[in-house]
Each structure stands twice: as structure tokens, then as C-alpha cells.
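This briefing is intended for a reader who has the sequence and the coordinates at hand. It covers backbone geometry, salt bridges and surface charge, in that order.

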Amino acid sequence: MSKNIVSIENLQKAFPDKVISENSTFGINSQDKIGLIGINGCGKSTFLKMLAGLEYPDSGSIVFRSNLKIGYLPQQPDINPQHSIYQHIYYSNDPEFEILREYHYLEATGKLHENKKLLEKAESIWQTEVKAKSILTKLGFSDLHRKIATLSGGQKRRLDLARVLVNSPDLLLLDEPTNHLDIETIEWFQNFLINYNGSAIFVTHDRYFLDAVSQRIMEIDQGVFHFYQGNYSDYIKQKQLQQIDLQRKETRRKAQLQKELRWLQRGAKARTSKPKNHLDRVKELLDKSYLSENKELDINFREKRLGKTILELKNVSKKYDNNLLFQDFSHIFQKQERIGILGPNGCGKTTLLKIITGEIEPSSGSIKVGINTKFAYFKQEKHNFDPQQSVLEFVKEKAEHIRTKDGTLHSASEMLQKFLFDKKMQQNKLSSLSGGEKKRLFLLSSLMFGSNFIILDEPTNDLDIKTLEILEDYLDTFRGCILVVSHDRYFLDRVTDHLFVFEGRTIRKFPGNYSDYLLVKRYRDAEKKEKDKEPKKVIQKNMHSSQKLSYNEKRELEQLEKQIPELEKQLQNLEIKIETEAATLSASDFSEISQQQQQLQKELEEAETRWLELQEKV
């Protein structure tokens, strides 16, 4: 039976320009899985911060169960770049974490085996290390001694998620946890949360994730918290029923109002003979409406007609130093193509977009952009906003007037209102906007110039579901081309009908959306597992016919083509060993396996680098 772990009473929280909570009272139970939704700027992140003790209510109380352990994942990680991964993972004053921090410190300095007492302590708590290693592996980390300064922004975000999960809190507070996770990792994390024994409140735009994990939906709307039992699909059904009920009430109100108005129109003498409360009733019916006027984002921009040539890529390759991202990719875009791009983090998806838009040059190959092709590029990176600039000044700097599809010319202020920035909010400094509001503003600036080829790089990060739905509706009717990088499975299914899939150094074309691809991939994986359990060979080219290599180089290349798959197989076997034998591995066993992994990884990188050097001569 669920027990109350957090009690919230008469919660009041407001900022000068918005109300977050207005006298709210509710509770959170053990093992609750709550999806927190609402438009950007409604206060979702602020509410999580209040639960985490980083913000304080104006009045009211938040009472926690005794000894409740809370884990909080902010949207932007606060990480010391001078630390190693293990120092961030084992950050707290938990006695077990203190032992493991010391263990890894001595391991790094080569003094571990001199401290037998510490080794004995580590042996007794080794399951904590095994759990941490398992979570880190799933999130893409193998070396606990790697410096955080060497990590990308996305890797830091994933590391911060690992920090929260490793600590095994009773209550997880997760602010957009799927940002910067690839699809495979999102599905792993989704299953992790479903089976998690504690409670979780999470803000996410990922509707498939909400559907799979949520047991309750909490919606913040104009300072009021509304609860809906079930997952996101159940929430939608309940909202539809609410709307139908409100429409019925509104119909009855209008009918009663018409009846009362007919009475009023019978003349002054009849009106004065009626009691005052009857006149008050008429006023109430005039003032009251059951259907609130919910403003919706209006995306409606004029599009320039595409020419015969839209965009042509021919044998495009890109590498940095000896790191080859992809090679020999060709595609001729046709009118109204809607293509999604899939692949693990770091494979080169954003790089491909930057090559297409001319921000960077390909290492080889050619790109031809049509004369009439006009890109709108919605970037993943942080946008350079002047924090002291107002919302209106930001848009006016780009254009004083914007023309919509029907030919109407709108002022910058009018267009901002269509994007849910009312006149008061237009005067706000950019520094006061939430992350999602800034994203919505940049979406306006990206689309407002009538482009006919829209490129979206992780557009769903930090946008609320309502804005995403309106964006999806706009893209449904868009008559140009769409190219989108996204880890949002629902968005990919809704928007795209073809995929570019990064597989190793090759970009493969797939005719279908994400769900189609997933079905085919699962079938192929199952078939492959039955036929051949060997790891996939990355290198398949036969170089025997090459005349540009010396005899010794040919032999070396042949050996490398055998060596690389073998090294991959050995690394895979070690990962399987950690997962399947974790319960029986001692601290020294685990340390030895970690050293083997690092050595094999080093040998693999050296072999692949040499293979690339020889390939250049072919």
C-alpha cells in the first residue's frame, strides 16, 4: 500500500510576471511515477527546485517523510571540470561513497594495494561499485578516471544523470532527463524507471516516455495543479471528456442567456417589476464562460517555391584528424521529402547538418544547393542572446514586419503575440525567460523568413508538449523539405517518412518512420543473434586488388582487418562478463577487468587509426 512521502499544503509561489502556485494542497506517495507537464514558463522547473530545497515557497509548507533521500537532476548540470568521473558519481557524504572515492584515488596514484584495510572495506560494499559501473556503461562511460573537462556538454548531462541514479534516492526529481540521450539509451532509461522501486517526478516532452512510465500526470496551469490518473494517453482522454463536458455546460449557459435576454427585451416596465437577483443572474450569465480562451501558438509563414534542384549531396565524407565520422554519402532531395536522422551521440549528425548549411566544409565530396532553396536552421546549441535585450527588441533586430502565408504583413509585436508572448512579456529581458521560452523565441526567429527547407537539430529539447503539437501541425502542412535530427520517438513518427541512419561510418537510407525502423531492426537483430553471435565487423573491404600499397602494407592491412573485429569481440565479452557475473566479482577482479578494457580500447583505437592511414593510400 502506498504511503505519503511528501505533503504540500497551501503552497504559494509567484514571480513579478507569473504565478507558479496559488494555494495548492496535495501529496506525493511512495512509488509514484508522476509526469509533470505544462507550457514553457508555467513553473515546472521551479516546482522541482522547491522540492529539492533550491527554491523556497512564498508561503505554505512542503513536509517530507523522515530520512527521505532525494535525487535532483537539473536541466543544466553543475559539474566541477577539474574532477574525475568517479569524484562526481560518488559526490555525497554517504560512507560507502567515501570509501569508493578513496579507493579510486589510490588506484589512480598506484597505491591501492598498499592499503589492505581499504581493500577489505571496498570488498564489502562492492555491489555499489558494480551498480555504478553498470549505469555508467549504459550511459556511455567506461573510464571512471577520465577528467570531466574532456567531456562534451551532452556527456556532462548524461554523467549528471548517472550521479542521480547511482545514489538510489527515494524520490527522483528529473528535469528533462531524456535530453542528450540517444534513442537506445532512452529506452534503457525508460525501463529503468518503470522498474525503479522509489518515486519519481519528471518533466519531459517525450510523449512515448510519458506513456510508458507515468502512473499519474500532474499539470500546472496558471498556478493551479491538476492531477490525472494513468499515463499520458489516459490524460488526453480525460482532457477530451472534460472539454466535452465544458462544451455542454457552455451550450446550456448560452441557451439560458438567450432566454433571459428575451425577457430583458420585453421593456423597461417588465424589467422593473422583476426582483434584483434576476438581473444579477443575467449579469452572471453574461460574464461567465465555461470555455476558457486558451491561446495557442500560431505558426503560419509564407513559403518560397522550391526550384527543380533543391539539394544534392555527392560522395560527402567528413573526418577530423584521423577520426572518420562518415564517408561517401550521396542523396538528391526531392520536393516535400521529410527525413529524420538517427544515430548514437557523437556519430556526426549535427556535423552533417552544418555541412549542408555551409557552416563547415566536407573533407571530400560535393554539395549543390538550389537557387531557390532557402534554409531555416533550428540549432541544438545554446543561442547567443543578449540577456539585457527585451523580447520585442530581439525580434525587431531581425525584422520589423513578418509576412504570413495568407499574405498579411504583421508587426514584430503581433507575431510575438501569435507565439504566446503577450505585450507585457514582450518587454521582459531575455534573461528572465525560461529555457523553453527562449527556445520558442528562437523557433520564431528561425522560421519567420519564409524558408522552404527546414532543418531541425533536436528541436524537442526544452519545448513544452503544447508547442510541439503546434509545430507538428505546422510541419504537416509545410510544402517544402524537412530534415530533422531528434531522439524524440513520437516526433520522428509524426513528422518523418524516411530516415538517414548512421551505422558505423556509413549513412544508410531507410524508407519509413522510426517505429517502422524499430520493427525491422528488432527482427534483424533477432535473426542475426540466431545465425551469428559474433560482433558486427566494421571493416569489410578487401584490399587485395589495390596497387597503391606495398606488399608489407597489404599484409598489415589484412592483419588489421582480422585484428579489429577480434578486439571488438574481446571488449564485448568483458562487458558481458561484468553484466552477467557482477554478483560474484570481487573488487580486485573488477579492477583487473577495468584495466583490460582500457588496454583493449587503446589497442582498438591504434588499430583503427592505422587502418585509416592505409585506407588513405588505396
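In this predicted model, helix α5 is followed by G140, a residue with a positive phi near 95 degrees. Two further positive phi values occur in residues that are not glycine, namely D328 and Q336. The model also holds 14 salt bridges, and a patch of negative charge lies on its surface.

**Helix α5**

- Helix α5 covers residues 126-138, which amounts to 13 residues.
- From the first C-alpha to the last, α5 reaches 19 Å, close to the 18 Å expected at 1.5 Å a residue.
- The buried residues of α5 include the nonpolar side chains of W126, V130, I135 and L136.
- The charged residues E129 and K133 also belong to the buried set of α5, as do T128 and A132.

**Positive phi outside glycine**

- Most residues other than glycine have a negative phi.
- D328, which is not a glycine, has a positive phi of about 55 degrees.
- D328 is part of strand β11, which spans residues 323-332.
- D328 counts as partly exposed because its relative accessibility is 47%, a value between the limits of 20% and 50%.
- Q336 likewise has a positive phi, near 60 degrees, and is placed in the loop between β11 and β12 (338-342).
- With a relative accessible area of 44%, Q336 is partly exposed.

**Salt bridge E55–K13**

- Side chains of opposite charge can pair when their charged atoms come close.
- E55 and K13 form a salt bridge in which the closest N and O atoms are 3.4 Å apart.
- This pair links distant parts of the chain, 42 residues apart: E55 lies in the loop between α1 (44-52) and β4 (59-64), and K13 lies in strand β1 (residues 4-15).
- E55 is partly exposed at 23% relative accessibility, whereas K13 is buried at 7%.

**Salt-bridge network around helix α17**

- A network of salt bridges links R207, E472, D473, D476 and R494.
- Within this network, R207 pairs with E472, and their closest N and O atoms are 2.6 Å apart.
- Because R207 is in helix α8 (residues 207-213) and E472 is in helix α17 (residues 465-477), the pair ties together parts that are 265 residues apart in sequence.
- Both partners are buried: R207 has a relative accessible area of 2%, and E472 has a relative accessibility of 0%.
- D473 forms a salt bridge with R494, again with 2.6 Å between the closest N and O atoms.
- The D473–R494 pair connects helix α17 with helix α18 (residues 489-495), its members being 21 residues apart.
- D473 is partly exposed at 39% relative accessibility, and R494 is partly exposed at 29%.

**Negative surface patch**

- Which residues gather in the patch of negative charge on the surface? They are E120, E123, D589 and E592.
- Helices α4 (116-124) and α21 (587-616) each supply at least two residues of this patch.
- D589 is found in helix α21 and is partly exposed, with a relative accessible area of 31%.
- D589 can belong to the patch because its 31% passes the requirement of over 30% relative accessible area.

Note on methods
Residues are numbered from 1 along each chain as its sequence is written. This is a predicted model: local features need pLDDT of at least 70, side-chain atom pairs count only at pLDDT 80 or more; totals for chains, interfaces and linings use all residues. Side-chain values use heavy atoms; hydrogens and water are left out. Patches are made of residues with over 30% relative accessible area and no salt bridge: like charges are joined within 9 Å, nonpolar side chains (Val, Leu, Ile, Met, Phe, Trp, Tyr) within 5 Å. Accessible areas come from the Shrake-Rupley method with a 1.4 Å probe; for residues, only the protein chains shown count as cover. A salt bridge is a side-chain nitrogen of Lys or Arg within 4 Å of a carboxyl oxygen of Asp or Glu. Lys and Arg count as positive and Asp and Glu as negative; His and the chain ends are not counted. The place of a charge is taken as NZ of Lys, CZ of Arg, CG of Asp or CD of Glu. Helices (H or I, at least four residues) and strands (E, at least two) are DSSP runs, numbered from the N terminus. Buried means under 20% relative accessible area, exposed over 50%, partly exposed in between (1.4 Å probe, protein chains only). The expected span of a helix is 1.5 Å times one less than its number of residues.
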